[in-house]
Amino acid sequence: MPIELPTPIAAYVAANARLDVDGMLASFSADAVLRDNGTAFRGHAEIRRLLEEEVVAASAIFTPDSVRHEDGQVVVEGPAHGDFKGSPIRFTYRFTLGNDAIKAVEITA
């Protein structure tokens, strides 16, 4: 049974499954911050570059298998498969939402 995700996160996951950068980016607010392995990417231009260089280039597709609400965040976990060393790797995404968009996300392995 698929897990139920808030709309902006579900849209991001669906776009990621298609490796659709524009679709993934559409889920983020204009001033969003994405933290990946401790590095912050701010705004659409920086997030787009990360998605193109690290997600699409590696065909990295995240398949969430659990979701919980914790300290005002939506915590989503699951494996990512793709053309990268160690695939699949289990990731945790900590989303902060606002105005039907992703305001912030921290990604850790």
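In the predicted model, asparagine 16 has a relative accessibility of 2% and therefore counts as buried. This residue is placed in helix α1, which comprises residues 7–17. A polar atom of the asparagine 16 side chain lies 3.0 Å from the backbone oxygen of alanine 60, and, when neighbours within four places in sequence are left aside, the residues in contact with asparagine 16 are Met24, Val55, Ala60, Ile61 and Phe62.

The burial of asparagine 16 may be set beside that of other residues of the helix, since the buried residues of α1 are Pro8, Ile9, Tyr12, Val13, Ala15 and Asn16. These residues cover an arc of only 165° around the axis, and they are therefore on the same side of α1. After α1 comes leucine 19, for which phi is positive, at a value near 55°.

A second helix, α3, spans residues 43–56 and thus has 14 residues, with a distance of 18 Å from its first C-alpha to its last, which is close to the 20 Å expected at 1.5 Å a residue. Within α3, the buried residues are Gly43, Ile47, Leu50, Leu51 and Val55. Because the arc that they cover around the axis is only 100°, they are placed on the same side of α3. On the face of α3 that is turned away from this buried side, the exposed residues Ala45 and Glu53 are found. The cover over the buried residues of α3 includes helix α1 together with α2 (21–26), β1 (28–36) and β2 (39–42); Val55, one of these buried residues, is also among the contacts of asparagine 16 listed above.

Aromatic side chains were also examined, and with ring centres required to lie within 6.5 Å of each other, the count comes to five aromatic pairs. One such pair is formed by tyrosine 93 and phenylalanine 95, whose rings are stacked, with 5.7 Å from centre to centre and 20° between the planes. Tyrosine 93 has a relative accessible area of 8% and so is buried, and phenylalanine 95, with a relative accessible area of 2%, is likewise buried. Through ring pairs, Tyr93 and Phe95 are linked with Tyr12, Phe28 and Phe62 into a cluster. Two members of this cluster return to elements described above: Tyr12 is among the buried residues of α1, and Phe62 is one of the residues in contact with asparagine 16.

Terms used:
Residues numbered from 1 in each chain as written. Predicted model: local features only at pLDDT ≥ 70, side-chain atom pairs only at ≥ 80, totals over all residues. Heavy atoms only, no water. Helix = DSSP H or I, 4+ residues; strand = E, 2+ residues; numbered from the N terminus. Buried < 20%, exposed > 50% of the residue type's maximum accessible area, 1.4 Å probe, protein only. Polar contact = N/O pair within 3.5 Å; in protein donor to acceptor, adjacent residues only side chain to side chain. Contact = heavy atoms within 4.5 Å. Arc of directions from axis to C-beta. Expected span 1.5 Å × (residues − 1). Phe/Tyr/Trp six-rings, centres within 6.5 Å; stacked < 30°, edge-to-face > 60°.
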